[in-house]
Amino acid sequence: MFERIMVPVDLTHAERLEKALLCAADLAAHYGATVIYVGVTTEQPSAIAHTPKEYAEKLAAFAADQAALRGISTEAKAYASHDPSIDLDPTLLKAVGEVNADLVVMASHIPNIADHWWPANGGNIATEAKISVMLVR
């Protein structure tokens, strides 16, 4: 049913993604799919990496760790953005096509009052993507 499962990853908050990571891994194991971890970083130095190249290396290492930990096939695709807070949703939507994903599994947050003015990334991706999107809270 699924062959390529895209999982957006924020390496700064990877510890908060466990439920989504496990869900994607379970689906990948069940269907024999590959999980593609996609990350968006700033072009400037950040707390997680000094350069986009270093970020891509860390994302690739994260994917390799997930493959070993969960016994699945993984890939990594990193994107650099001038301002990820603005470019995140369009970049993730672009990534869906570029990585040839047929499912997105994405961590979500507990809704709050701010969601009335600023919609969540997961909701935007689910609304705009042409493929199935699973939001994991």
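## Helix packing and the largest pocket

In this predicted model, helix α3 passes α4 in a right-handed crossing. The two helices pack at an angle of about 40 degrees, and their axes lie 10 Å apart. Since angles from 65 to 115 degrees count as roughly perpendicular and those under 35 degrees as roughly parallel, that angle makes α3 oblique to α4. On the side of α3 the contact is formed by Leu-88, Asp-89, Leu-92 and Leu-93, which meet Asn-121, Asn-124, Ile-125 and Glu-128 of α4. By class, the residues of this contact divide into 4 nonpolar, 2 polar and 2 charged.

A second helix pair is formed by α1 and α2, the latter spanning residues 52-70, and these pack at an angle of about 60 degrees with their axes 11 Å apart. The crossing of α1 and α2 is right-handed. From α1 the contact takes Glu-18, Leu-21, Leu-22 and Ala-25, and from α2 it takes Phe-62, Gln-66 and Arg-70; these residues comprise 4 nonpolar, 1 polar and 2 charged.

The packing values of the two pairs are set out below.

| Helix pair | Angle | Axis separation |
|---|---|---|
| α3 and α4 | about 40 degrees | 10 Å |
| α1 and α2 | about 60 degrees | 11 Å |

The largest pocket has a volume of about 750 Å³. It is lined by 32 residues, of which Val-9, Asp-10, Leu-17, Leu-88 and Asn-121 are the closest to its centre. Two of these names return from the helix contact described above, where Leu-88 belongs to α3 and Asn-121 to α4. The elements that give two or more residues to the lining are α1 (18-31), β2 (34-42), α3 (84-98), β4 (103-107) and α4 (121-128), and β2 gives the most, with 5 residues. Sorted by class, the lining of the largest pocket holds 17 nonpolar, 10 polar and 5 charged residues.

How values were computed:
Residues numbered from 1 in each chain as written. Predicted model: local features only at pLDDT ≥ 70, side-chain atom pairs only at ≥ 80, totals over all residues. Heavy atoms only, no water. 1 Å grid on protein atoms, 1.4 Å probe; cavity = no way out; pocket = protein on both sides within 12 Å on 5 of 7 lines; lining within 4 Å. Points joined across faces, edges and corners; volume = space filled by probe spheres on them. Helix = DSSP H or I, 4+ residues; strand = E, 2+ residues; numbered from the N terminus. Nonpolar A, V, L, I, M, F, W, Y, C, P; charged D, E, K, R; others polar. Axes fitted to C-alpha atoms, helices over the stretch in contact; angles between N-to-C directions. Parallel < 35°, antiparallel > 145°, perpendicular 65-115°, else oblique. Left-handed = near helix turned anticlockwise from the far one by under 90°. Contact = heavy atoms within 4.5 Å.
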